[in-house]
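This report introduces a protein structure to a reader who has not met it before. It treats aromatic ring pairs, nonpolar cores and the main pocket in turn.

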Amino acid sequence: GQVYETNNTVLINLNTGSIQEFEGSHLTFSPDMTYAATVKVEFPGEEEVIIWKKDKYGSYQYDKNNIDYDKFRQHFKFYDSRKYSPMPYNANLEWVTNDSLLVDFYFKMNEHDTIAYRVRFNYVKTEPTSDWQMIPIK
C-alpha cells in the first residue's frame, strides 16, 4: 500500500493532559478563541483551509463550511495558469476579527526564486449562525 505523509498540529494541555489534534499546520486562533484555523498543504493543487469551532466542552471540532472549492482553485489559476500547480512555499493565517480570517498562500515562480507572489482569501461569517464564506481577493 501507499504511505501518505500528513502534517497535523497537536496541542497538549499540561495541566489536564488532554490532547487536541488539528488536521493541518499554521494553527491560529480567533481573538476570542471561539475559532481556530489551519491550512493543509500536502500536495501541489490540494491546498485547503480548515476552520474549527470550540464546542461546549472546550474541544475544537471541524466547522463544516460550504466553501466552493472550484472558486478556490480558479483564484489560484488567476495568478498562475500553468498546467501543474506549484507547491506553496509558505502560508499565513491572520484573524482580523472573530468572524474574518485572512489567508495568504505564497508561491515562487521557479524553485530558486528569492521573490514570490501572494494569493489571498478572506473567510468571513456574516452572522454567528451562518456558514463561512470564502472571498477571493485580487
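The following paragraphs describe a predicted model.

**Aromatic pairs**

A pair of aromatic rings is described by the distance of the centres and the angle of the planes. In this model the count comes to 10 aromatic pairs. Two of these pairs are set out below.

| Pair | Centre to centre | Angle between planes | Class |
|---|---|---|---|
| Phe 29 and Tyr 60 | 5.5 Å | 55 degrees | tilted |
| Tyr 35 and Trp 95 | 6.3 Å | 20 degrees | stacked |

In the tilted pair, Phe 29 belongs to strand β3 (residues 25-29) and Tyr 60 to strand β6 (residues 60-62), so the contact ties together parts that are 31 residues apart in sequence. Phe 29 counts as partly exposed because its relative accessibility is 25%, whereas Tyr 60, with a relative accessible area of 7%, is buried.

The stacked pair joins strand β4 (residues 35-40), which holds Tyr 35, to strand β7 (residues 90-97), which holds Trp 95; the pair therefore ties together parts that are 60 residues apart in sequence. Both Tyr 35 and Trp 95 are buried.

Ring pairs also link Phe 29 and Tyr 60 with Phe 22, Trp 52 and Tyr 62 into a cluster.

**Nonpolar cores**

In soluble globular proteins, nonpolar side chains tend to be buried together. The largest nonpolar core of this model has 20 residues, and those with the most contacts inside it are Val 49, Phe 72, Leu 101, Phe 105, Phe 121 and Tyr 123. At least two residues of this core come from each of β4, β5 (48-54), α1 (69-79), β7, β8 (100-107) and β9 (117-124).

Phe 121 may serve as an example. Beyond its neighbours within four places in sequence, Phe 121 is in contact with several residues, including Phe 72, His 75, Phe 76, Leu 101, Phe 105, Met 134 and Ile 137.

Apart from the largest core lies another core, of 5 residues, among them Ala 36, Ile 50, Trp 52 and Tyr 60.

**The largest pocket**

The largest pocket holds about 190 Å³ of space. Among the residues that line this pocket are Leu 11, Ile 12, Ser 18, Ile 19, Gln 20, Phe 22, Phe 29, Tyr 57 and Tyr 60. Two or more lining residues are given by β1 (8-12) and by β2 (19-23), and β2 gives the most, with 3 residues. The lining divides into 7 nonpolar residues, 5 polar residues and no charged residues.

Phe 29 and Tyr 60 thus recur in this account: they form the tilted ring pair and also line the largest pocket.

How values were computed: Residues are numbered from 1 along each chain as its sequence is written. This is a predicted model: local features need pLDDT of at least 70, side-chain atom pairs count only at pLDDT 80 or more; totals for chains, interfaces and linings use all residues. Side-chain values use heavy atoms; hydrogens and water are left out. Rings of Phe, Tyr and Trp (its six-membered ring) pair if their centres lie within 6.5 Å; planes under 30 degrees apart count as stacked, over 60 as edge-to-face and the rest as tilted. Helices (H or I, at least four residues) and strands (E, at least two) are DSSP runs, numbered from the N terminus. Buried means under 20% relative accessible area, exposed over 50%, partly exposed in between (1.4 Å probe, protein chains only). A nonpolar core is a set of buried Ala, Val, Leu, Ile, Met, Phe, Trp, Tyr and Cys residues joined through side-chain atoms within 4.5 Å. Contact means heavy atoms within 4.5 Å. On a 1 Å grid over the protein atoms alone, a cavity is a set of points where a 1.4 Å probe fits but cannot get out, and a pocket is an open set with protein on both sides within 12 Å along at least five of seven lines; lining residues have an atom within 4 Å of a point. Grid points are joined across faces, edges and corners, and a volume is the space filled by probe spheres set on the points. Ala, Val, Leu, Ile, Met, Phe, Trp, Tyr, Cys and Pro count as nonpolar, Asp, Glu, Lys and Arg as charged, and the others, Gly among them, as polar.
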